[in-house]
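Here is a set of short questions and answers to work through with the model open. Each answer reasons its way to a name or a value.

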Amino acid sequence: MQDYLSIEPLTQAAFAPFGDVIEADPARMRLINGGNTERFHALFAPEAAGENARVIVNLFRGQPRAFPYPVDMMERHPFGSQSFSPLSGRPFLVVVSEDEDGRPGRPRVFFARADQGVNYRRNTWHHPLMSLGGVSDFLVVDREGAENNLEEFFYDIPYLIAEPKP
């Protein structure tokens with residue numbers, strides 16, 4: 001029997017154990033440039049640890065996923081955080097898991113609106129990018145350094161995600 005995962009709305013409170021939601025939060029807004037610009041300040045703090053580590057900015061172009069989608073693996077980055085901010089005006093799915101003795105537990109799935117991004121903290125189990133509805137570009141902030149910053153885990157029995165309904 002297949003185990004389907006429910007899809008939750010992405011909120012700061014629900015996502016807090018895994019990282020930060022990147023969105024225009026009115027509580028973080030300050031006016032700058034003579035009052036002509038709203039700055040949403042300090043939405044997340046990138047992490048970069050290790051030898052010659054530095055924070056880098058990338059563009060990822062994600063292909064849309066087909067549903068039902070099997071979640072058969074998770075990954076994490078032990079030396080740095082990783083953020084995804086959509087640029088193509090499309091929502092996406094965010095799949096994360098608590099760590100259970102060095103391996104991911106049951107995944108949680110969040111529906112990220114087109115105006116929300118996420119920042120996964122160091123060592124947060126997550127599924128690779130899950131674009132919806134078409135090819136989508138994302139601004140990605142992560143770490144570059146000497147150490148291998150990728151750990152993968154493959155589930156014996158995949159979890160399934162049904163077609164998201166916005």
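Q: In which loop is the place of Leu-87?
A: This is a predicted model, so positions are read from a prediction. Strand β8 covers 82–86 and strand β9 covers 92–97. Leu-87 has its place in the loop between β8 and β9.

Q: Does Leu-87 count as buried or exposed?
A: Exposed means over 50% relative accessible area. Leu-87 has 52% relative accessibility, so Leu-87 counts as exposed.

Q: What is the area of the nonpolar surface patch made by Val-57, Leu-59, Leu-87 and Leu-139?
A: Leu-87 is one of the residues that make this patch. Val-57, Leu-59 and Leu-139 are the others. The patch area is about 380 Å².

Q: What is the order of the strands in the open sheet of five strands?
A: Strands of a sheet pair through backbone hydrogen bonds, either parallel or antiparallel. In this open sheet the pairing is antiparallel. The order is β3-β13-β8-β16-β6.

Q: Which strands stand at the edges of the sheet?
A: An edge strand here has a single partner strand, so one side is left without a neighbour in the sheet. That applies to 19–22 and to 54–62. The edge strands are β3 and β6.

Q: How many bridges join β6 to strand β16?
A: β16 spans residues 136–144 and runs antiparallel to β6. One position to look at is Asn-58, which stands opposite Val-140 in β16. The number of bridges joining β6 to β16 is nine.

Q: Which residue in β13 is the bridge partner of Ser-83?
A: β8 and β13 run antiparallel and are joined by three bridges. β13 is also joined to β3, by four bridges, again antiparallel. On that side, Ile-22 stands opposite Gly-117. The partner of Ser-83 in β13 is Asn-119.

Q: Which residues of strand β13 point the other way from Gly-117 and Asn-119?
A: In a regular strand the side chains alternate between the two faces of the sheet. β13 covers residues 117–120, and all four are buried. Gly-117 and Asn-119 point one way. Pointing the other way are Val-118 and Tyr-120.

Q: Which residues do ring pairs link into a cluster with Tyr-120?
A: A search of the whole structure finds 12 aromatic pairs. The rings of Phe-15 and Phe-18 have centres 5.8 Å apart and planes at 50°, so this pair is tilted. Phe-15 is buried at 0% relative accessible area, and Phe-18 is buried at 2%. The cluster links Tyr-120 with Phe-15, Phe-18, Phe-60, Phe-84, Phe-92, Phe-110 and Phe-138.

Q: What is the angle between the ring planes of Tyr-155 and Tyr-159?
A: Tyr-155 counts as buried at 10% relative accessibility. Tyr-159 counts as buried at 16%. Their ring centres lie 5.1 Å apart. The pair is edge-to-face because planes over 60 degrees apart count as such, and the angle here is 85°.

Q: How many residues apart in sequence are the parts that Asp-3 and Arg-106 tie together?
A: The two side chains meet in a salt bridge at 2.4 Å, N to O. Asp-3 lies in strand β1, and Arg-106 in the loop between β11 and β12. Asp-3 counts as partly exposed at 31%, and Arg-106 counts as partly exposed at 42%. The parts are 103 residues apart in sequence.

Q: Which residue's side chain meets Arg-108 in a salt bridge?
A: Arg-108 sits in strand β12, and its partner is in strand β2, 100 residues apart. The N to O distance is 2.8 Å. Arg-108 counts as partly exposed at 29%. The partner is Glu-8.

Q: Does Arg-76 count as buried or exposed?
A: Arg-76 forms a salt bridge with Asp-99, the closest N and O atoms being 2.8 Å apart. Asp-99 in strand β10 is partly exposed, with a relative accessible area of 38%. Arg-76 has 10% relative accessibility, so Arg-76 counts as buried.

Terms used
Residues are numbered from 1 along each chain as its sequence is written. This is a predicted model: local features need pLDDT of at least 70, side-chain atom pairs count only at pLDDT 80 or more; totals for chains, interfaces and linings use all residues. Side-chain values use heavy atoms; hydrogens and water are left out. Two strands pair if DSSP finds at least two bridges between them. Helices (H or I, at least four residues) and strands (E, at least two) are DSSP runs, numbered from the N terminus. Patches are made of residues with over 30% relative accessible area and no salt bridge: like charges are joined within 9 Å, nonpolar side chains (Val, Leu, Ile, Met, Phe, Trp, Tyr) within 5 Å. Accessible areas come from the Shrake-Rupley method with a 1.4 Å probe; for residues, only the protein chains shown count as cover. A salt bridge is a side-chain nitrogen of Lys or Arg within 4 Å of a carboxyl oxygen of Asp or Glu. Buried means under 20% relative accessible area, exposed over 50%, partly exposed in between (1.4 Å probe, protein chains only). Rings of Phe, Tyr and Trp (its six-membered ring) pair if their centres lie within 6.5 Å; planes under 30 degrees apart count as stacked, over 60 as edge-to-face and the rest as tilted.
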